[in-house]
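Reader: I have a model with a ligand in it and would like to learn how to read it. Where should I start?

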Amino acid sequence: MFKTCKYTLLAMTLAVSCAAAGAASAQDIKPRLIRFGYGLNEDSVQGRAARHLAQELEKLSGGKLKMKTFGSASLGPDEQMQSALVGGVQEMMVGSTAPLATMVKEFGVFDLPFLFNSDKEADAVLDGQLGESLLKKLEAKGLVGLVYWENGFRNLTNSRHPVVKAEDLDGIKLRVMQNQVALGVFNALGANAVPMPFSELFTALETRTVDGQENPVTTIQSSKFYEVQPYLTITRHVYTPWVVLASKKWWDTLSPDEQKLIRQAAVASRDFERKDSRADSTKAMETLKEHGMKINVVSEEEIARMREKVQPVVDKYTQELGPDLVKELQDEIRKARG
Ligand code: TK8
């Protein structure tokens, strides 16, 4: 009796795994090499998630879809990779939403300050209808937007003095991401905003071409900005996402099975990356302290004053980006807030 059971079980297991193998081999997957570029160092949230994505893809495709990852903007900064994807000379990348706004202006909403309060709200909005509809808009421009990774809440660093109130930004030459909204917001706050690709930033800080920059603490740590920036100010002024992108030209040559696996691996990388980013934020703060950065948190009252100061440009960009879109975003955030 026991024996029969055991054999029956074995036979069932075999049948199931044969069926699975059959399904796998029936899938239309060709051996391919996918070049995936990103801007941060290999030892960063982006680097770890890129490797996770590559492993996941290899596993899901039985080794057929191979991904080679290129960190530190070695395939170029975000904006250059975007063009390479549109032209079909590079397959995939991850980059910020800010430079995407030059192709699909609506991505500029993520540079409007003080919208999100928590990463939970951001996840809900990005993975929901609004995030999805923004990704869809990319297709007409030659890009396929797959998933959002967390870049995160941005904070200020500079080499001049602690920023306690908005007035402390007066005259600070501050590197910002390259779009109109980011530029307008920081100029309104009193800074002298200088748009520049991320790949040029460390040198610009080191040579004092600019006095400061803003990025999540994970990036301030992994890019070693603490070596050239003594002051860190916790402002959490915007939450910016990264988008995992594929070249539409290339994507359209893939079989539906291949597209499905890549989407599946991208979702796995998203979940891995967000978890890693959140754990790494806590660790990064410790590391930045150890490296002697002088850290202050801007008070609620001062944040309220900063909000007031930028309100006219927020209104202006709300008109330009589309009042309906901004309202939808605010509604979604409110819903997520509960
Ligand atoms: C990395 C950039 C970076 C972003 C920036 O390529 O430009 O400041 O925050 O993460 O996308």
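**Reading the ligand site and the fold**

Author: Start with a polar contact: the side chain of N215 has an N or O atom 2.6 Å from an oxygen atom of the ligand. Keep in mind that this is a predicted model.

Reader: How much of the ligand's accessible area does the protein cover?

Author: On its own the ligand has 310 Å² of accessible area, and the protein covers 97% of that.

Reader: Which other side chains place a polar atom by a ligand oxygen?

Author: The general idea is to look for N or O pairs within 3.5 Å. In the side chain of D78, an N or O atom is 2.7 Å from an oxygen atom of the ligand. For N151, a polar side-chain atom lies 3.0 Å from a ligand oxygen.

Reader: What residues are around the ligand, and how do they divide by class?

Author: The residues around the ligand are G39, L40, D78, S96, N151, R154, R175, M177, F198, N215 and W242. By class, this shell has four nonpolar, four polar and three charged residues.

Reader: Which cavity does the ligand take up?

Author: The ligand takes up the space of the largest cavity.

Reader: How do I read the chain as a whole?

Author: Count its elements, then check its dimensions. The protein chain has twelve helices and eleven strands. A compact globule of 338 residues would have a radius of gyration near 20 Å, and the chain agrees with that at 22 Å. Along the principal axes, the C-alpha atoms fill a box of roughly 80 × 45 × 40 Å.

Reader: Why look at the sign of phi?

Author: Because most residues other than glycine have a negative phi, a positive one is worth noting. R208, not a glycine, has a positive phi of about 60 degrees; R208 is in the loop between α7 (201-206) and β8 (212-215). K224 is not a glycine either, and has a positive phi of about 60 degrees. The loop that holds K224 runs between α8 (217-222) and β9 (231-234).

Definitions and conventions:
Residues numbered from 1 in each chain as written. Predicted model: local features only at pLDDT ≥ 70, side-chain atom pairs only at ≥ 80, totals over all residues. Heavy atoms only, no water. Near = heavy atom within 4 Å. Polar contact = N/O pair within 3.5 Å; in protein donor to acceptor, adjacent residues only side chain to side chain. Areas by Shrake-Rupley, 256 points an atom, 1.4 Å probe, with all protein chains shown as cover. 1 Å grid on protein atoms, 1.4 Å probe; cavity = no way out; pocket = protein on both sides within 12 Å on 5 of 7 lines; lining within 4 Å. Sits in = over half its atoms within 2 Å of the grid points. Nonpolar A, V, L, I, M, F, W, Y, C, P; charged D, E, K, R; others polar. Helix = DSSP H or I, 4+ residues; strand = E, 2+ residues; numbered from the N terminus. Rg over C-alpha atoms; globule rule 2.2 N^0.38 Å.
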